[in-house]
Amino acid sequence: MNQPLAYVHPGAKIAKNVVIEPFATIHNNVTIGEGSWIGSNVTIMEGARIGKNCNIFPGAVISAPPQDLKYQGEETTVEIGNNVTIYQCVTLGGSNPTNGVPGKRHPTIRDNVIIGSGAQIIGPITVGDRARVGANAVVTDDVPEGATMIGLKARSTLVKAETWAKEFMPYGTPCEEPCEPGNQRIESLEEQIATLRQQVDALLAEREALNPKAQIVREGK
Ligand SMILES: CC(C)(COP(=O)(O)OP(=O)(O)OC[C@H]1O[C@@H](n2cnc3c(N)ncnc32)[C@H](O)[C@@H]1OP(=O)(O)O)[C@@H](O)C(=O)NCCC(=O)NCCS
C-alpha cells in the first residue's frame, strides 16, 4: 500500500498486498485483510473490519461518522468477511439500535457476498454467505445464505402533520387560495351576481339605445 493521495490513518491495520486507490479515506483502527482492493473515494469508518480478497468499488461508504450526537466518537461495528465484492456507491450504514442488539448498529457481511451498486444495507443485520444483493436494493433485515435480494424496502408512511406543520392546516395542504368551502361558496355567488349585473346593464343599455325616450331606472341612479 503506497497511495499518497489516499488518507489512511496511521492507526489503521492494512495487510500487505492491499491496494488503496486515490482519495479513499480510511480511519483509525480499520482492519483490511490481504489482497483486498479499495477503490477511489471509498470511506471506511473507524473500527471497520474487512477480510481478505475483498473488492470495494469507488464511492462505497463502509459506515460514516454518526450524525447523531449521542453516537459521536463511537466506532463502526461493520464486519466484512473474505472474498466480498461491494460495488460502487453502496452504503453499509448504522441504525438506531431499536431491535435489541446491544452495541451493534451496523451490518455484518459474510464470505463471498456480492453487493450490487447503490444498495443500502442498514442496521445490525447479517448478510449470509454467498448472498447477492441486487443493485439499488434496500436491505434492513437479515439475508439468508445464498439468497438473492432485490427491491426497495421503502413503503408509504404518511408523515404525521403535527411532526412538521408549524400551523394548523384544516385540509393538510398549504395553499394560497382560500380553503374553506363556505367562503368559496360565497365568493362564487358574488361572482355570479357581478356577472348577472353586467348582463342586466348591457341589456338595459341596448334597450335605451332602441328607445331613448323610455325611462329606465337603474339601481343606484
Ligand atoms: C440481483 C442480481 C444479482 C440478480 O441477477 P440474476 O440472478 O442474473 O437475475 P436476473 O437478471 O435473471 O433477474 C431476475 C429478476 O429480477 C429482476 N432484477 C434483477 N436485478 C434487479 C434489481 N437490482 N432490482 C430490481 N429487480 C431486479 C429482473 O428484472 C428479473 O425480473 P423478472 O423475472 O420479472 O424479469 C443482479 O440483477 C444485480 O442487481 N446485480 C448487481 C449488478 C451490479 O451492481 N453491477 C455493478 C457492476 S459495475
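**Notebook: a walk through a predicted model**

Glu-145 is where I opened the model, and I found this residue partly exposed, with 13 to 19 being the range for that label and 14 other C-beta atoms within 10 Å of Glu-145. The model is a predicted one. Glu-145 sits in the loop between β19 and β20 (148-149). I then looked for what lies around Glu-145. Leaving out neighbours within four places in sequence, Glu-145 is in contact with Gly-128, Asp-129, Arg-130 and Ala-131. For one of these I noted the distance: Ala-131 is 14 residues from Glu-145 in sequence, and their C-alpha atoms are 5.5 Å apart.

**Entry: the whole chain**

Next I stepped back to the chain as a whole. I counted 221 residues, of which 26% are buried. The secondary structure comes to one helix and 20 strands. I also asked how far along the chain the contacts reach. Among contacts with a separation of 6 or more, 29% join residues 24 or more positions apart.

**Entry: the seven-stranded sheet**

In what order do the strands of the seven-stranded open sheet follow one another? I read the order as β1-β4-β7-β10-β13-β16-β19, with parallel pairing. β1 (7-8) and β19 (138-139) are the edge strands; each has a single partner, so one side of each has no neighbour in the sheet.

I picked one pair in this sheet for a closer look. Strand β7 (residues 43-44) and strand β10 (residues 61-62) run parallel and are joined by two bridges. Thr-43 has Val-61 in β10 as its bridge partner. As a reminder to myself, strands of a sheet pair through backbone hydrogen bonds, either parallel or antiparallel.

**Entry: the six-stranded sheet**

I found another open sheet, this one of six strands, in the order β2-β5-β8-β11-β14-β17 and with parallel pairing. Here β2 and β17 (126-127) stand at the edges with a single partner strand each, so one side of each is left without a neighbour in the sheet.

β2 is joined to strand β5 (residues 31-32) by two bridges, and the two run parallel. Across this pair, Ile-14 stands opposite Ile-32 in β5.

Strand β14 (residues 108-109) gave me a residue to follow, Ile-109. Is Ile-109 buried or exposed? Ile-109 counts as buried, with 28 C-beta neighbours inside 10 Å. Not counting residues up to four places away in sequence, Ile-109 touches Glu-79, Ile-80, Gly-81, Val-84 and Val-127. I also noted a separation of 7.8 Å between the C-alpha atoms of Ile-109 and Asp-129, which are 20 residues apart along the chain.

**Entry: the nonpolar core**

I looked up the largest nonpolar core and found 39 residues in it. Those with the most contacts inside this core are Ile-56, Ile-62, Ile-86, Ile-115, Val-127, Val-133 and Val-139. From this list I chose Val-133 and asked which residues it touches. Beyond four places in sequence, Val-133 touches Ile-115, Gly-116, Ala-119, Ile-121, Val-127, Val-139, Val-143 and Met-149. A general point fits on this page: in soluble globular proteins, nonpolar side chains tend to be buried together.

**Entry: two positive phi angles**

Most residues other than glycine have a negative phi. I wrote down two residues with a positive value.

Asn-17 has a phi near 65°. This residue lies in the loop between β2 (13-14) and β3 (19-20). Asn-17 is partly exposed, with 13 other C-beta atoms within 10 Å.

Cys-89 has a phi near 60°. I found Cys-89 in the loop between β12 (85-86) and β13 (91-93). Cys-89 counts as partly exposed too, with 17 C-beta neighbours inside 10 Å.

**Entry: around the ligand**

Last, I turned to the ligand. Which residues are around the ligand? I listed Tyr-87, Gly-116, Ser-117, Arg-132, Gly-134, Ala-135, Asn-136, Ala-137, Thr-148, Ile-150 and Gly-151. Sorted by class, this shell has four nonpolar, six polar and one charged residues.

Notes:
Residues numbered from 1 in each chain as written. Predicted model: local features only at pLDDT ≥ 70, side-chain atom pairs only at ≥ 80, totals over all residues. Near = placed C-beta within 6 Å. Nonpolar A, V, L, I, M, F, W, Y, C, P; charged D, E, K, R; others polar. Pairing = 2+ DSSP bridges. Helix = DSSP H or I, 4+ residues; strand = E, 2+ residues; numbered from the N terminus. Core = buried A, V, L, I, M, F, W, Y, C linked by C-beta atoms within 7 Å. Buried ≥ 20, exposed ≤ 12 C-beta atoms within 10 Å, placed from the backbone. Contact = placed C-beta atoms within 7 Å.
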